[in-house]
Amino acid sequence: MRFGLRIPRFASSSVEAGPAPKLRPVLDGSDVVVPNRWKIAPHTVALVGRPAVYFQIDVHTPRIGWGWFAIPSARLVWEQDFGGHLFIAITDADDSRATIVEAGPLNSSGTGNLVPYAYPEDQIADKGIVDFEPIVIPPPHGMSEEFFAGLVRTTQRAYDGDQLYRAVEIPFLRVGRDSNSYAVGVLLCCGVDPREIAKPKQSMRWEWTGYPGTEDPVHRANFGAYIGTPNKLADDVIEVAHHDEAGGVRYVVVAGAPNGKARLPDGSEIDLDPLGRAALMPDDARRHGLPTRHTDPPDQIRRRRRFPENPSPAGAEITLIVDERPVPLEPGTTYRGRVVERHDGLGLARLRTSAHDVVLPLAELGIELRDPKRVDRLLQVGTEVTLGLRRDRHPALRAHGLDWFVDRIRWRRIHLPRTRNVVASAALGVALLGALAWLVRRP
């Protein structure tokens with residue numbers, strides 16, 4: 001009597017489901033266009049999810065029989081999805097085809113740069129391998145559907161590939177970004193507020209680890225985008241331009257009271273969304289006299305590398321506004337001061353030091369420092385903090401006074417220890433074991 005346990009491929013990938021899939025990196029800025037198998041409506045930007053890796057066990061039992069008594073053979077196939085893959089699908093007026101925006105590792109071994117990629121998404125969808133119904137991403141308030149779709153496309157074309165691919169199993173556990181980081185990074189770079197990205201509903205498949213990387217998006221600087229200097233308008237309204245790598249205006253965000261109105265330099269008024277924002281397209285902004293000033297590209301935008309052989313493990317440095325000039329948050333630089341202003345609609349806070357006035361992008365800072373909730377908690381008006389970035393790109397945010405004590409006893413995210421700490425601990429452990437062995441073996 002024999003029982004069979006067959007594991008044809010314990011860890012498999014959904015890209016193997018398509019017939020003779022053609023996988024290729026897209027390094028020339030071209031669009032990947034496939035049949036619209038997801039039935040996405042015209043002029044739509046949608047977020048689509050599918051399994052990335054799954055486990056499968058195939059168990060067979062033999063037929064057991066003695067004369068008229070028999071137990072037939074049985075087969076049990078168990079499959080479990082480990083983690084999901086997100087990509088963006090865009091349709092025009094002709095909804096028979098869709099443009100796919102997604103990323104993957106440069107090398108088939110899962111190593112190298114995180115780059116735009118062409119997976120056989122239409123073939124995979126034909127097999128019914130999908131996690132949830134496509135999530136429609138509406139354009140930010142103030143943008144047209146056509147402009148928003150075009151902005152997503154041009155954002156992918158501007159990506160520099162200076163980012164090491166690393167599959168992220170647990171958010172922020174280690175420095176590295178994956179394909180989900182790329183998809184979410186593209187959307188955030190196009191004016192989408194992370195609070196407005198809907199969660200999947202009517203899930204058809206369940207992922208053990210969800211969609212690693214979604215909380216750790218690629219920085220906007222990797223797409224050649226940066227924020228300009230914020231300017232105050234009338235009635236506590238603030239405007240800030242978002243620029244491309246040549247200094248051109250991608251769009252202008254105007255922010256004020258939630259569901260309120262904003263008076264613009266030309267005297268007109270516009271409505272703001274529930275977050276107190278409106279994102280104006282360049283032509284509309286120009287007609288209203290915006291932006292009120294131009295901001296030149298920071299150093300990390302000027303020195304961008306295109307698909308280098310040695311990509312950065314953490315991607316580009318984020319942009320701060322120091323004394324009304326954009327500068328990168330570089331390792332070795334620190335700013336100590338007090339938070340004097342904060343605007344949640346724009347996602348910005350102002351830190352006043354003894355020598356500088358620093359504007360901080362809260363969302364990107366929370367990502368870079370690997371703990372968004374802690375960053376949000378500490379960067380409140382009145383808190384004195386020291387902000388920096390260590391050479392290994394680990395967190396460098398410290399509160400002072402009573403806030404330091406409260407911060408130390410609060411829960412914070414767990415990260416993998418730094419390499420030097422691991423090496424030092426291992427060396428110390430070996431030394432102690434050696435000393436113990438020597439003491440035990442002494443006559």
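**A walk through the cavities, cysteines and backbone**

The largest cavity holds about 40 Å³ of space. Keep in mind as we go that this is a predicted model. In total, the structure has two cavities of 30 Å³ or more, and both are good places to begin a tour.

Which residues line the largest cavity? Its wall is made by Arg220, Ala221, Tyr226, Ile227, Ile318, Thr319, Pro361 and Glu364. Sorted by class, that lining comprises five nonpolar, one polar and two charged residues.

From there, let us turn to the second largest cavity, with about 30 Å³ of space. Leu188, Cys189, Arg220, Ala225, Tyr226, His242, Arg250 and Tyr251 form its lining. Arg220 and Tyr226 appear in the linings of both cavities. Two elements, helix H3 (179–189) and strand E16, each contribute at least two residues to the lining of the second largest cavity. By class, this lining divides into five nonpolar, one polar and two charged residues.

Cys189, one of the residues lining that second cavity, brings us to the cysteines. How many disulfides does a search of the whole structure find? The count is zero. A disulfide is a covalent bond between the sulfur atoms of two cysteines. For Cys189, the closest cysteine sulfur is in Cys190, but it is 5.8 Å away, so the two are too far apart for a bond; the cut-off for a disulfide is a sulfur pair within 2.5 Å. Seen from Cys190, the closest cysteine sulfur is in turn that of Cys189. Are these cysteines buried or exposed? Cys189 is buried, with a relative accessible area of 4%, and Cys190 is buried too, at 0%.

Now for the backbone, where a few spots deserve a look. Leu290 and Pro291 are joined by a cis peptide bond, with omega at about -10°. Pro291 sits in the loop that runs between helix H4 (282–287) and helix H5 (299–302).

Next come positive phi values in residues other than glycine. Asn259 has a phi near 60° and belongs to the loop between strand E16 (249–255) and strand E17 (261–263). E16 is also the strand that helps line the second largest cavity. Asn259 is exposed, with a relative accessible area of 56%.

Glu324 also has a positive phi, near 70°. Its place is the loop between strand E20 (319–322) and strand E21 (325–328). With a relative accessibility of 48%, Glu324 counts as partly exposed.

Technical notes
Residues numbered from 1 in each chain as written. Predicted model: local features only at pLDDT ≥ 70, side-chain atom pairs only at ≥ 80, totals over all residues. Heavy atoms only, no water. Helix = DSSP H or I, 4+ residues; strand = E, 2+ residues; numbered from the N terminus. Buried < 20%, exposed > 50% of the residue type's maximum accessible area, 1.4 Å probe, protein only. 1 Å grid on protein atoms, 1.4 Å probe; cavity = no way out; pocket = protein on both sides within 12 Å on 5 of 7 lines; lining within 4 Å. Points joined across faces, edges and corners; volume = space filled by probe spheres on them. Nonpolar A, V, L, I, M, F, W, Y, C, P; charged D, E, K, R; others polar.
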